[in-house]
Each structure stands twice: as structure tokens, then as C-alpha cells.
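User: Please take a close look at one part of this structure, its salt bridges, and set that part within the rest of the chain. A connected account would be preferable to a list.

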Amino acid sequence: MVKKSTTRFSLRPNTHIFFLHSNMNDLFRVKLDTSLLKGIDNDMDFCFKVVKKVSVIVLPGMCVLLRNWLGITFAIEPESLEDGFRRFKSFYERHSKK
């Protein structure tokens with residue numbers, strides 16, 4: 001049986017992404033609130049723009065019938081992962097409604 005838990009990750013004050021993850025520690029699902037973002041229509045749009053602008057790949061939830069969710073896996077060394085999170089956060093902050 002897979003044990004599930006929830007972790008809150010803040011990108012900026014009053015804006016949170018919730019990671020729903022299992023004890024396998026390799027797959028995260030993230031709820032994307034597009035009402036907090038400018039120029040982003042849905043999870044597919046978000047993923048295309050993230051990969052184009054900052055070269056970070058995330059799976060659109062639409063691929064697994066979870067609209068406005070993202071799938072994130074970690075398959076790289078920690079240093080690259082930290083850099084990817086910095087670029088992801090930078091993209092998110094540039095598109096956040098202020």
C-alpha cells in the first residue's frame with residue numbers, strides 16, 4: 001500500500017503549491033491555480049511555456065485526465081534539480097498576478 005501525504009510549498013506570499021506525494025518520493029502532483037497567473041490558460045499552456053522559456057519539463061495533468069494539475073518527477077542529480085527549481089520559481093513569479 002502506498003502512503004500518501006501533502007506538503008505545502010510557497011512560491012511567494014499567499015500563493016502555495018500543494019505537493020501530493022507517495023512514499024516512493026519520485027512522483028509529485030501539483031495543483032495549478034491559473035487564476036493566479038497572467039497569460040496562462042491551463043496546465044497544458046503552462047507546461048509548454050515553462051519548457052520554452054526556462055527549459056524545465058513538467059507533465060500537464062491533462063495527460064492523465066487531471067485538468068490544471070502538474071506532474072513532476074526527479075530524475076537528475078541534486079545540483080541540476082536545485083537549478084531547475086530556481087528557473088521554475090522564476091517563471092512562476094514572472095507570470096504571477098500581483
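Analyst: The account below begins with the chain as a whole, turns to the salt bridges, and then considers the surroundings.

The model is a predicted one. Its chain contains two helices and five strands, and from the N terminus on these elements follow the order β-β-β-α-β-β-α. Of the 98 residues in the chain, 35% are buried.

Three salt bridges are counted in this model. Helix α1 holds one of them, between the side chains of Asp45 and Lys49. The N to O distance in this pair is 3.3 Å. Asp45 and Lys49 are four residues apart, which corresponds to about one turn of the helix. The two partners fall into separate classes of accessibility. Asp45 has a relative accessibility of 16% and therefore counts as buried, since the class covers residues under 20%. Lys49, with a relative accessible area of 29%, is partly exposed.

Helix α2 provides the setting for the pairs made by Asp83. Arg86 forms a salt bridge with Asp83, and the closest N and O atoms of this pair are 4.0 Å apart. That value is at the cut-off, because a salt bridge requires a side-chain nitrogen of Lys or Arg within 4 Å of a carboxyl oxygen of Asp or Glu. Because Arg86 and Asp83 are three residues apart in helix α2, about one helical turn separates them. The side chain of Asp83 also meets that of Arg87 in a salt bridge, here with an N to O distance of 3.0 Å. Arg87 and Asp83 are four residues apart in helix α2, so about one helical turn lies between them as well. Through shared partners, the salt bridges join Asp83, Arg86 and Arg87 into one network.

The accessibility of the residues in this network can be given one by one. Arg86 is exposed, at a relative accessible area of 52%. Asp83 has a relative accessibility of 30% and counts as partly exposed. Arg87 is likewise partly exposed, with 28% relative accessibility.

Helix α2 also has a part in the largest pocket, whose volume is about 340 Å³. This pocket is lined by 18 residues, and those nearest its centre are Val56, Ile57, Ile72, Thr73 and Leu81. The elements that contribute two or more residues to the lining are β5 and α2, the latter spanning 78-95. Six residues come from α2, the largest share of the lining. By character, the lining divides into twelve nonpolar residues, five polar ones and one charged residue.

Two further features lie in loops. In the loop between β3 and α1 is Leu36, which is partly exposed with a relative accessible area of 27%. Leu36 and Ser96 are 60 residues apart in sequence, yet their C-alpha atoms are 5.9 Å apart in space. Val64 belongs to the loop between β4 and β5 and is partly exposed, at a relative accessible area of 42%. Together with Leu59 and Leu66, Val64 makes a nonpolar surface patch of about 210 Å².

In summary, one salt bridge pairs Asp45 with Lys49 in helix α1, while Asp83, Arg86 and Arg87 are joined into one network.

Methods
Residues numbered from 1 in each chain as written. Predicted model: local features only at pLDDT ≥ 70, side-chain atom pairs only at ≥ 80, totals over all residues. Heavy atoms only, no water. Patch = residues over 30% accessible without salt bridge, like charges linked within 9 Å, V, L, I, M, F, W, Y side chains within 5 Å. Areas by Shrake-Rupley, 256 points an atom, 1.4 Å probe, with all protein chains shown as cover. Buried < 20%, exposed > 50% of the residue type's maximum accessible area, 1.4 Å probe, protein only. 1 Å grid on protein atoms, 1.4 Å probe; cavity = no way out; pocket = protein on both sides within 12 Å on 5 of 7 lines; lining within 4 Å. Points joined across faces, edges and corners; volume = space filled by probe spheres on them. Nonpolar A, V, L, I, M, F, W, Y, C, P; charged D, E, K, R; others polar.
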